[in-house]
Amino acid sequence: MKLTQGFRMALKSVLSNKLRTALSMLGILIGVATVIALVAMGEGSSRQVEEQVATLGTNMLSVTITGRGTETTLSKEEAMEFADIPNVAGISPVVSSSSSVKYEKTSATVTVEGITPEYEAVNDFSVQSGRYIASIDERNTQKVALIGVTTANDLFGTDDPVGKIILINGLRFTVVGLLEAKGSSLTGSNDEKILIPLSTAQRIFQSVGVRQVYIQVTDMDLMDAVMALLEVRLTEKFRGDSESYRIFNQEDAMETLSSVNETMNTMLVGVAAISLVVGGIGIMNIMLVSVTERTREIGIRKSLGAKRRDILFQFLVEAVTISGFGGVLGILLGYAASIVIGRVMDTETAVSTDMVLAAFVFSAVVGVIFGIFPANKAAGLRPVEALRHD
Amino acid sequence: MSERESAVLIDIRELSKSYVMGREVVTVLKQVSLQVRQGDFMAIVGPSGSGKSTLMNVIGCLDSPSEGSYRLDGTEVRGLSDNKLAEIRNRKIGFIFQGFHLLPRLTAFENVELPLIYGGLSAKARKERALKALSQVGLEQRMHHRPSELSGGQQQRVAIARALATHPPILLADEPTGALDTKTGQEVLALIEDLNREGHTIVLITHDMDVANRAKRTVIMRDGVLSEQRSEGDEADARLPDGFEKRLVEQA
């Protein structure tokens with residue numbers, strides 16, 4: 001007997017008892033739909049986290065200098081020398097301090113960061129209106145400032161901040177640009193800050209060097225290599241004292257977050273897998289009933305020359321058809337559910353192709369595993385007894 | 001006579017069949033010997049419980065003998081594997097059952113096609129053979145009907161077509177008229193006679209003497225023993241008194 005013939009036969013028999021087929025399909029269907037929907041939710045939330053971390057720059061290293069003895073900082077030039085390290089795409093030294101900022105009668109305390117023009121590229125933080133801090137501002141120690149959206153709102157309300165004069169530590173600064181909204185990150189709010197040229201900051205805060213350097217790496221895979229070279233340089237600079245500096249990798253933060261997510265996903269898949277097994281038992285139950293009910297049919301088929309494997313194959317294909325079909329419907333339902341869940345709960349969802357494939361294969365395998373026992377029972381019937389059965 | 005010279009299809013020698021029922025061993029067939037030749041039309045008669053159904057199951061390779069030998073078309077059947085037996089059933093034997101045994105969900109055509117599927121024939125060959133078999137029983141007009149849409153006589157004719165489809169050397173009919181009224185029963189018997197005239201070898205099992213008398217040869221089964229024989233050729237040798245036949249019919 002040929003394969004296609006067997007499938008046609010099984011399909012016919014599955015379709016001839018629609019209600020029963022539909023009911024036994026339900027277990028697998030719900031199981032698969034649950035897996036798809038839950039994993040889509042998990043995937044969505046982990047993507048959200050990933051994106052959030054990515055906005056901070058996933059391929060960014062930050063070096064914080066704590067210092068040793070009198071050497072408590074790096075000079076700007078020393079920091080810029082890190083550019084020699086292979087695969088470094090950009091360097092952004094930063095001096096920061098908390099200062100009080102005043103506009104007319106409103107004042108606020110915010111983080112003021114002294115930056116170089118490279119900050120825009122390295123930290124991926126641009127302006128939405130006005131201009132950025134240029135190299136000429138840095139060279140001439142200009143008193144210009146970029147302002148974060150939240151701070152701008154606090155100081156100016158709905159007015160356009162560009163062109164306004166603010167006081168930082170009592171010194172007059174011209175706001176030249178409004179930073180884009182970036183939201184909060186692990187290091188605090190990005191929208192409550194003011195950026196000024198590095199040289200200006202060094203002067204008003206009376207600090208000579210820089211304590212914070214952001215380093216952009218060309219490729220995420222090269223992070224470790226760059227980090228190692230950076231460590232060699234810094235160890236040399238601080239004469240072997242590895243306590244004088246700290247290198248922080250954004251990827252580490254992301255890994256921590258995604259591992260939390262993964263644990264949750266695994267749990268969800270585990271719960272869904274149990275429901276798939278329950279669905280499989282449902283199919284086995286129906287197939288066993290079907291074998292008993294069709295004993296005479298099996299007898300007739302055997303008397304006409306059906307071999308053991310023909311009967312085995314027929315019942316196995318029926319079980320797999322039910323579970324596979326249930327799997328496909330489950331995938332569709334799960335996909336629809338994930339979209340609905342995404343809309344209702346306003347979270348991002350993503351159905352991965354791998355998961356769809358895995359769910360389908362799993363449901364087919366459930367069909368085989370739980371179909372083998374009934375199919376074997378049918379195939380093993382003795383023709384004489386099967387024919388006599390009614 | 002030509003019949004005598006033709007090949008022996010069924011050659012059963014001292015065949016016994018016993019079952020274990022609980023702690024008892026029940027012997028249903030006792031040292032049965034029987035030969036059926038090409039072109040024969042033989043009836044096996046006997047009351048219920050006589051073992052004729054068991055004999056039919058053994059002849060039809062649905063059951064294997066416990067002792068003795070059974071050669072079907074030159075092949076020893078005893079001790080063959082299940083798969084081999086299935087193959088023999090498919091190639092050598094066409095079953096006609098009392099209860100028709102058609103698959104209710106399949107159309108007449110699909111029912112006739114079924115043994116050809118198990119025989120591994122191509123779709124084209126299957127269609128050709130199934131159509132020919134259906135036209136042999138005069139049902140080509142109703143081939144797309146399901147058994148439930150056919151009369152009893154028509155259903156039995158579909159079953160006969162199914163038995164004919166594989167071109168088996170032997171047609172094995174178990175009470176083919178048992179579930180039919182007298183008139184349709186006669187029609188089915190006439191059809192079986194026609195098939196015999198065309199050269200098909202037929203073994204018919206019945207408890208009805210009138211049906212048995214249509215056959216060329218009759219053997220009588222009683223308590224697992226194949227006791228009496230009658231054949232058209234040597235009617236004179238028949239040691240069966242008329243009264244015995246009558247009793248047999250009354251018992252059945």
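## A walk through chains A and B

Start with H1(A) and H11(A): the two helices are oblique to each other, on a scale where angles under 35 degrees are roughly parallel, over 145 roughly antiparallel, 65 to 115 roughly perpendicular and the rest oblique. Before going on, note that this is a predicted model, in which local features need pLDDT of at least 70, side-chain atom pairs count only at pLDDT 80 or more, and totals for chains, interfaces and linings use all residues. Residues are numbered from 1 along each chain as its sequence is written, while chains are lettered from A and ligands numbered from 1 in the order in which they are written.

**Stop 1: H1(A) on H11(A).** Select residues 3-16 and 308-345 of chain A; those are H1 and H11, whose axes come within 9 Å and cross at roughly 60°. Helices (H or I, at least four residues) and strands (E, at least two) are DSSP runs, numbered from the N terminus. Axes are lines fitted to C-alpha atoms, for helices over the stretch in contact, with angles from 0 to 180 degrees between N-to-C directions. The crossing is right-handed, meaning that the near helix is turned clockwise from the far one by less than a right angle (anticlockwise would be left-handed). Now show the side chains: H1(A) brings residues including A:Phe7, A:Met9 and A:Leu11, and H11(A) brings among others A:Phe313, A:Val317 and A:Ile322. Contact here puts C-beta atoms, placed from the backbone, within 7 Å. Colour the contact residues by type and you get eight nonpolar, four polar and one charged. In this scheme Ala, Val, Leu, Ile, Met, Phe, Trp, Tyr, Cys and Pro are nonpolar, Asp, Glu, Lys and Arg are charged, and the others, Gly among them, are polar.

**Stop 2: H9(A) on H11(A).** Keep H11(A) and add residues 250-293 of chain A, helix H9; the pair packs at an angle of about 145°, with axes 11 Å apart. This crossing is right-handed too. From H9(A) come A:Ile283, A:Met287 and A:Val291, which meet A:Phe315, A:Glu318, A:Ala319, A:Ile322 and A:Ser323 of H11(A). That contact divides into six nonpolar residues, one polar and one charged.

**Stop 3: a loop in chain A.** Pick A:Leu222, in the loop between strand E11 (212-217) and helix H8 (223-237) of chain A. Is this residue buried or exposed? A:Leu222 is partly exposed, with 14 other C-beta atoms within 10 Å; 20 or more would make it buried, and 12 or fewer exposed. Beyond its neighbours within four places in sequence, A:Leu222 is in contact with A:Asn87 and A:Val217.

**Stop 4: strands of chain B.** Select residues 8-21 and 24-37 of chain B: strands E1 and E2 run antiparallel, joined by ten bridges. Pairing takes at least two DSSP bridges. Look for B:Asp11 opposite B:Gln35 in E2(B), then for B:Gly22 in the hairpin, with a positive phi near 65°. Add residues 67-72 of chain B, strand E4, which pairs with E1(B) in the antiparallel sense over five bridges. Here B:Ile10 stands opposite B:Leu72.

**Stop 5: H2(B).** Finish on residues 52-59 of chain B. How many residues of helix H2 are buried? Eight of the eight are, so H2(B) is largely enclosed by the rest of the structure. After H2(B) comes B:Cys61, whose phi is positive, near 60°.

Note on methods:
Contact = placed C-beta atoms within 7 Å.
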